[in-house]
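Grab a pencil and work through the exercises below. Try each task yourself before you read its solution.

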Amino acid sequence: MLFNSYEFLFGFLPVVVLLFFLVGRRSALAAVGFLAAASLFFYGWWNPRYLLLLGGSVSFNYWVGRRLALSPVRTGGDRAMLWLGIAANLTLLGTFKYAGFFAATANALAGLSLPIPHIVLPLGISFFTFTQIAYLVDAYRKEVREYRFAHYGLFVTFFPHLLAGPVLHHAEVMPQFARPDTFRFNPEHFAVGLTIFAIGLFKKVVLADGIADFATPVFDAARNGATLTFLAAWGGALSYTFQLYFDFSGYSDMAIGLARLFGIVFPANFNSPYKASSIIDFWRRWHMTLSRFLRDYLYIPLGGGRCRPLRRHANLMATMLLGGLWHGAGWTFVIWGGLHGLYIVLNHLWRGLHKRRLTPYSLPSAPAHVLGQLLTFL
């Protein structure tokens with residue numbers, strides 16, 4: 001069930017919003033349970049079989065997280081429990097998303113004949129896996145204060161973010177489900193949410209889908225071996241550039257708007273990334289919640305920027321390579337992540353040289369900013 005489908009817009013959404021606030025008048029816990037059940041229905045609309053997968057993942061991670069959070073002091077057993085939880089999540093993600101990719105790569109590199117599994121990828125598995133890994137790490141750090149299963153289950157399965165993000169952090173969402181005013185209808189929240197949702201819907205249906213009519217034929221022609229003219233090739237590339245942005249940004253806006261209808265505030269996920277004046281600036285603006293996750297749970301644990309420059313650059317490359325692989329199971333995604341890692345490393349090197357006044361030239365701030373925007377966009 002897509003956010004822009006008639007079933008969602010004129011069936012699921014109005015019914016769920018109405019019943020949520022009606023149930024919330026009598027019992028906040030019942031409203032939480034109802035919204036969690038509605039979210040599971042939303043997820044199961046595509047393929048009911050994967051409800052067992054999602055439910056099992058939520059239950060397992062809640063059990064592990066609760067044990068870690070309630071442990072009075074950190075012990076070696078807690079550390080082993082944390083690694084067990086992370087390994088289980090990554091195994092689940094690897095089995096469904098990367099098994100075919102790894103088997104095909106091993107066959108190509110080592111001349112093996114491993115069978116290539118054809119597994120239908122469960123919707124949103126990357127998002128709910130990363131969300132729960134962050135929860136386990138914070139439970140180990142004693143930063144988790146929520147121990148009720150209903151609230152945790154709703155945090156993970158809440159339908160606005162379940163399929164395409166944003167990547168949520170429990171500390172900014174779970175406390176909102178515990179506030180009594182969340183379960184009372186708020187006209188201001190509703191108006192703001194409806195406005196943001198409408199903007200996202202316009203981005204997706206009008207802009208992204210409209211631009212796709214220009215991008216798709218060019219890529220199809222290239223795939224079929226046609227020779228493209230200079231203008232056709234650049235037109236297709238630029239069209240896809242904006243199609244991708246408006247599609248993903250539109251879905252993020254719709255998710256933020258939908259959550260706001262229920263009085264829940266999601267973090268922003270995009271901040272005009274194509275206006276970025278450097279690659280470092282770009283990744284602070286594009287898919288901001290994923291960038292935050294990669295920074296907090298991968299880059300900083302690897303040593304972050306506290307290391308020597310060579311190690312710091314290696315940490316950046318590793319983070320972006322894994323970030324690229326997270327986006328999809330294919331070497332194109334690995335190469336894309338590696339390219340962005342290289343760009344970020346070069347950006348840091350240039351900034352270091354500029355700080356020590358070793359760059360060969362220095363433009364005034366306004367022209368330099370415009371030139372940086374143009375270079376970054378290209």
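**Exercise 1: Around the cavity**

Helix H12 (288-299) and helix H13 (309-327) each put at least two residues into the lining of the largest cavity. Keep in mind that this is a predicted model.

Task: work out which helix gives the most to this lining, and how the lining residues divide into nonpolar, polar and charged.

Solution:
- Step 1. Start with the cavity itself: the structure holds one cavity of 30 Å³ or more, and the volume of the largest cavity is about 30 Å³.
- Step 2. List the lining: Trp 283, Leu 290, Leu 294, Met 320, Gly 323, Gly 324, His 327 and Trp 336.
- Step 3. Check the list against the helix ranges. H13 comes out as the one that gives the most, with four residues.
- Step 4. Sort by type, remembering that Gly counts as polar. You get five nonpolar, three polar and no charged residues.

**Exercise 2: A patch on the surface**

Task: find which helix gives the most to the nonpolar patch, then decide whether Leu 238 is buried, partly exposed or exposed.

Solution:
- Step 1. Pick out the patch residues: Phe 230, Leu 231, Trp 234, Leu 238, Phe 242, Leu 371, Leu 374, Phe 377 and Leu 378 make a nonpolar surface patch of about 950 Å².
- Step 2. Look at the helices. H10 (230-261) and H15 (365-377) each supply at least two of the residues, and H10 gives the most, with five.
- Step 3. Zoom in on Leu 238, which sits in helix H10. Its relative accessibility is 35%, so Leu 238 counts as partly exposed: that class lies between the cut-offs of 20% and 50%.

Definitions and conventions:
Residues are numbered from 1 along each chain as its sequence is written. This is a predicted model: local features need pLDDT of at least 70, side-chain atom pairs count only at pLDDT 80 or more; totals for chains, interfaces and linings use all residues. Side-chain values use heavy atoms; hydrogens and water are left out. Patches are made of residues with over 30% relative accessible area and no salt bridge: like charges are joined within 9 Å, nonpolar side chains (Val, Leu, Ile, Met, Phe, Trp, Tyr) within 5 Å. Accessible areas come from the Shrake-Rupley method with a 1.4 Å probe; for residues, only the protein chains shown count as cover. A salt bridge is a side-chain nitrogen of Lys or Arg within 4 Å of a carboxyl oxygen of Asp or Glu. Buried means under 20% relative accessible area, exposed over 50%, partly exposed in between (1.4 Å probe, protein chains only). On a 1 Å grid over the protein atoms alone, a cavity is a set of points where a 1.4 Å probe fits but cannot get out, and a pocket is an open set with protein on both sides within 12 Å along at least five of seven lines; lining residues have an atom within 4 Å of a point. Grid points are joined across faces, edges and corners, and a volume is the space filled by probe spheres set on the points.
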